[in-house]
Amino acid sequence: MKVIFLAAGTLAMQLFSAVTCAADNSKQHLGGYHASSHAGSVSVSSDDQGRAKNQAHADSHAPIGVMGDHMHQAGEWMVSYRPMYMSMKGNQNGGTSLSPEQVITQPNRFAMPPNLRVVPTEMTMSMHMLGVMYAPSDRVTLMGMTQYVEKEMDHITFQGMSGTTRLGNFTTKTSGIGDTSLSALIKLGPAWHAQVGVSLPTGDIKQTDTVLTPMGTNPTLRLPYMMQLGSGTYDALLGATYNRVARPAKSNFGWGGQWRSTLRLGENSEDYTFGDEHRLTGWISYSFSRALSVSTRLEWLNRENIDGIDAVIMAPVQTADPDRQGLDRLDFGLGLNWLLPKQQHRLSMELSMPLTEHMDGPQMKTDYQIVLGWQYSP
Ligand SMILES: [Cu+2]
């Protein structure tokens, strides 16, 4: 796992420097200098000093994996693109790893066959997140985000109603627009703000693909919950963020923290509700200069099980079970924020992997996650 993490890190760095060069070149064509521009600064702390004096810091944004982390000054716009890639591998129940042969000793909630017969072995998820921010005043920043999602899951099918004979493998894929969120960030103090928002169910929850059954047939079925593109419900988004940027004269260290919850409102058209999610994170950043900072971060994620059931999702596989979706996970992340000259563009990346994970399983284990970011504020 470590090797993969390192390899992914190197790849991400290469990607990053490629993107950086491209951005550096294109910057030449952007023309005039804007005195008040910051690719999204928050160091709005001193209103009395006037805007021209406000300079952005690389660490005035949290690590790029943190959403809704910063505000803007009145009249500022920002657009952003954040590609996110997540890899999951292998299975776990509670805190214990399970081989595919161990997974199929677990009971099947649909009773026939008595135990699970299909085991997911690997999953990848890519999200292309597009965001817009606008601040009508110094106290409020509005934020909209939508995403294009691609998911892929590999499985082993075991033959017949019992036994450990492997019949074959199959892969399911889904892709499309995910859910869309609209939020307001409200300033509470010099380094504090709250988030209040709603997630709109723009992602499809009826995605299908062809599977291989234990009987050797290949029907096209509605795919399990985690392969769907959205929640199907309107969700409330609530959070609070504190971000203290480095004060170069005193210390190059900055730090911050955030709480963020996704609370599902009601039931979707297929008679179920995804579990609420709660995230608590804290980070420390170190600034080499105003323009470049690195960070380490811990994030705790709690996700609840699904309430209700989609009557069409019924298969001897763990992912089809609404009671095998909840988890607690602690992630460790390493990040980098770079504010390009003229302060209009920011490039960021963050790599993270779980330190510990506990789940109502069996469920797939998270391997690692990479988030890249390009943010532009004219
Ligand atoms: Cu912004």
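**Close-up 1. Lys342, a partly exposed residue with a positive phi.** In this predicted model, Lys342 counts as partly exposed because 14 other C-beta atoms lie within 10 Å, and a residue needs 20 or more to be called buried, or 12 or fewer to be called exposed. Look for Lys342 in the loop between strand S16 (327-339) and S17. Its phi is about 80 degrees, a positive value, although Lys342 is not a glycine. For background, most residues other than glycine have a negative phi.

**Close-up 2. Ala111 and the cis bond at Pro113, in the loop between H2 and S3.** Ala111 also has a positive phi, here about 70 degrees, and again the residue is not a glycine. Ala111 sits in the loop between H2 and S3. Is Ala111 buried or exposed? Ala111 is exposed, because just 8 other C-beta atoms lie within 10 Å. Stay in this loop, which runs between helix H2 (100-103) and strand S3 (118-134), and you'll find Pro113. The peptide bond joining Met112 and Pro113 is cis, with omega at about -5 degrees.

**Close-up 3. A cis peptide bond at Pro362, in strand S17.** Here Gly361 and Pro362 are joined by a cis peptide bond, and omega is about 0 degrees. Where is Pro362? Pro362 lies in strand S17, which covers residues 345-376. As a general reminder, most peptide bonds are trans.

**Close-up 4. Gly160 and Pro214, apart in sequence but with C-alpha atoms 4.9 Å from each other.** Gly160 belongs to the loop between strand S4 (140-158) and strand S5 (166-177). With 12 other C-beta atoms within 10 Å, Gly160 is exposed, because the cut-off for that label is 12 or fewer. Which residue, 54 places away along the chain, has its C-alpha atom 4.9 Å from that of Gly160? That residue is Pro214.

**Close-up 5. Val118 and the largest nonpolar core.** This core has 15 residues. Val118 is among those with the most contacts inside it, along with Val103, Ile104, Leu116, Val119 and Val317. What does Val118 touch once its neighbours within four places in sequence are set aside? The contacts of Val118 are then His155, Thr157, Ala315, Pro316 and Val317. There's also a second, separate core, with 12 residues. Its members include Ala58, Leu336, Leu351 and Ile370.

Notes:
Residues are numbered from 1 along each chain as its sequence is written. This is a predicted model: local features need pLDDT of at least 70, side-chain atom pairs count only at pLDDT 80 or more; totals for chains, interfaces and linings use all residues. Helices (H or I, at least four residues) and strands (E, at least two) are DSSP runs, numbered from the N terminus. A nonpolar core is a set of buried Ala, Val, Leu, Ile, Met, Phe, Trp, Tyr and Cys residues joined through C-beta atoms within 7 Å. Two residues are in contact if their C-beta atoms, placed from the backbone, lie within 7 Å.
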